[in-house]
Amino acid sequence: MQGFYAGAHAGHGGLDSHLDGYHSEEGVPPLSQAYAGDFSGMGGIYGAFVGYGRSFARWYVGLEAGVDTSRIDWSHDRETRGSGGRDFSVEKKSDYGLALRLGYSLPNGTLLYGRVGPVRVRFNTTWEKGKNPDANIDDSFTTDGMRYGVGAEIPLSQQAFARLDYTRTDYDSYGFRTGHGNPDEMEFDNRESLFRMGLASASEYLRDGGGVIRRQVQPQHRCFLHHSAEAPAPQTKEQCHVKHTVETQQVRICQRGIPRRTRGSAGGFKRTDAWFRLAERGRRAQRRRQGRQR
C-alpha cells in the first residue's frame, strides 16, 4: 500500500519465562537457597494497528504503531500446602509499540516484509508463600522489549489487504523481594512468540500485479495516452481521439471505466482487442482523409 492504512488482527502466542533467584527457608540463612526454573504458556491475542508507508519501485518502507490485548499465561502450583512450597504465575495483559517495516513487492502484488521495533508490555505476576497473604506478591510489572519478525501482505482489492506475520519479542527482566520474615528474591526474564492474522484498509493506494503503485479512482471518462515526450496529453473529451502514427508510435484511446494503467511485460500498454479496433479505426480515418486530399 501507499499512504496511510489501518486494520485489526488476532492470533495465538506463546510466553517463555526464565526464573532466577533465591529462596529463604526456616532454620537457614535468608536468601541462601538458589532457585532457577523455566516455564511456558500459551493463549490468544487481538489488537489493532495503523501505519504509513511508501514504495520505491518494488521496495517498501513504512512505520507502524500497534496495540494488543492478550491472555497468554502460565502458572505453577505448589505440591505441599502450609508453610512449604510456592504458588506463582505470569500473565501478559497488554502491549503497545512501534515498528519499522522494510519489504519487497512480488509480481502478483504480495508484499514480503521484515519488521523490528520497541514495545512496552504489562505483566501481571503473582508469588504466594506460606500463610501470610499480606507478604505475597500480586502486582503488575511494566517493562520494555524489542520485537522483530517477518510477514506477508496479500492484496484483496485496490484498498484492502490480508496480513500474516510471525514475531519474537525479548523483554527486559524485572524482579521483586517478598515481605516475609524469610523473604524470597526472584527475577523474571520473559520472551514471547506471536502468530497473527489481520485485515486492513489503505487510504488510497495499493500495488498492482506488476508491483507498480496505482491510485484508486472512480470509473469515469478518462483519456489514456501512450506517446512520445513531444506530444502533449489531451485535456478534454473533445480533444481525446483515436490516432495511430507508425513513425512516432503515438496512440490515444478514449473510453469509459477501463483501468487507468495496464502494464504489459515490456512496460507498455497491453494491446487488447479494443486497442486494435481503435487503432484500425484511426487508420481507416487517416486513409479517408488522404483520399479526399487527392
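Let's start with two neighbouring strands: β3 and β4 run antiparallel and are joined by 16 bridges. If you want a spot to find on screen, look for H76, which stands opposite F88 in β4. Keep in mind as you look around that this is a predicted model.

Now step back one strand. β2 also runs antiparallel to β3, and 12 bridges join these two. One of the places where you can see this pairing is R54, whose bridge partner in β3 is V61. The two strands make a hairpin, with 2 residues between them. Have a look at A57, which sits in the loop between β2 and β3. Its phi is near 60°, a positive value in a residue other than glycine. A57 is also exposed, because its relative accessible area is 63% and the cut-off for that label is over 50%.

There is another positive phi to spot, this time in the loop between β1 and β2, where you'll find L31. The phi of L31 is near 55°, and L31 is not a glycine either. L31 counts as partly exposed, with a relative accessibility of 22%.

How many helices and strands does the whole protein have? The tally is 1 helix and 14 strands. While you follow the strands, one general point helps: in a regular strand, side chains alternate between the two faces of the sheet. The chain has 294 residues, and 38% of them count as buried. What about the outside? The protein exposes about 16,600 Å², and carbon and sulfur atoms supply 53% of that area. Sequence distance is worth a thought here too. Take the contacts with a separation of 6 or more: 66% of them come from residues 24 or more positions apart.

Next, look inside. The largest nonpolar core has 20 residues, and those with the most contacts inside it are L19, W74, V90, F123, W127, F176 and F188. Several strands supply at least two residues each to this core, among them β1 (3–23), β4 (86–105) and β9 (185–202). Which strand gives the largest share? That is β5, with 4 residues. Apart from this core lies another one, of 8 residues, including Y5, F49, L111 and F161.

F123 is a good residue to click on. Leaving out residues up to four places away in sequence, F123 touches L15, V90, E91, K92, D139, S140, F141, T143, Y171, Y174 and N190. F123 also belongs to an aromatic cluster, together with F39, W74, F88, W127, F141, Y171, Y174, F176 and F188.

That brings us to the rings. The structure holds 15 aromatic pairs. One of them is F4 with Y52, a tilted pair with 4.7 Å from centre to centre and 55° between the planes. F4 lies in strand β1 and Y52 in strand β2, so this pair ties together parts that are 48 residues apart in sequence. Are these two residues buried or exposed? F4 is exposed, at 55% relative accessible area, while Y52 counts as partly exposed, at 32%.

Compare that with the rings of F39 and W74. Their centres are 4.8 Å apart and their planes are at 10°, so this pair is stacked. Here, too, distant parts of the chain are linked: F39 is in strand β2 and W74 in strand β3, 35 residues apart. W74 counts as buried, since its relative accessibility is 5%.

Some rings have a charged partner instead. R101 lies over the face of Y113, 4.5 Å from the ring centre. R163 does likewise with F49, lying over its face at 4.1 Å from the ring centre.

Let's finish back in strand β3, where D68 is found. Is D68 buried or exposed? D68 counts as buried, because its relative accessibility is 3%. Leaving aside neighbours within four places in sequence, D68 is in contact with H9, I45, Y46, G47, K93, S94, D95, R147 and R196. Take Y46 from that list: D68 and Y46 are 22 residues apart along the chain, yet their C-alpha atoms are separated by 5.7 Å.

Notes. Residues are numbered from 1 along each chain as its sequence is written. This is a predicted model: local features need pLDDT of at least 70, side-chain atom pairs count only at pLDDT 80 or more; totals for chains, interfaces and linings use all residues. Side-chain values use heavy atoms; hydrogens and water are left out. A nonpolar core is a set of buried Ala, Val, Leu, Ile, Met, Phe, Trp, Tyr and Cys residues joined through side-chain atoms within 4.5 Å. Buried means under 20% relative accessible area, exposed over 50%, partly exposed in between (1.4 Å probe, protein chains only). Contact means heavy atoms within 4.5 Å. Accessible areas come from the Shrake-Rupley method with a 1.4 Å probe; for residues, only the protein chains shown count as cover. Two strands pair if DSSP finds at least two bridges between them. Rings of Phe, Tyr and Trp (its six-membered ring) pair if their centres lie within 6.5 Å; planes under 30 degrees apart count as stacked, over 60 as edge-to-face and the rest as tilted. A charge sits over a ring if NZ of Lys or CZ of Arg is within 6 Å of the ring centre and within 35 degrees of the ring normal.
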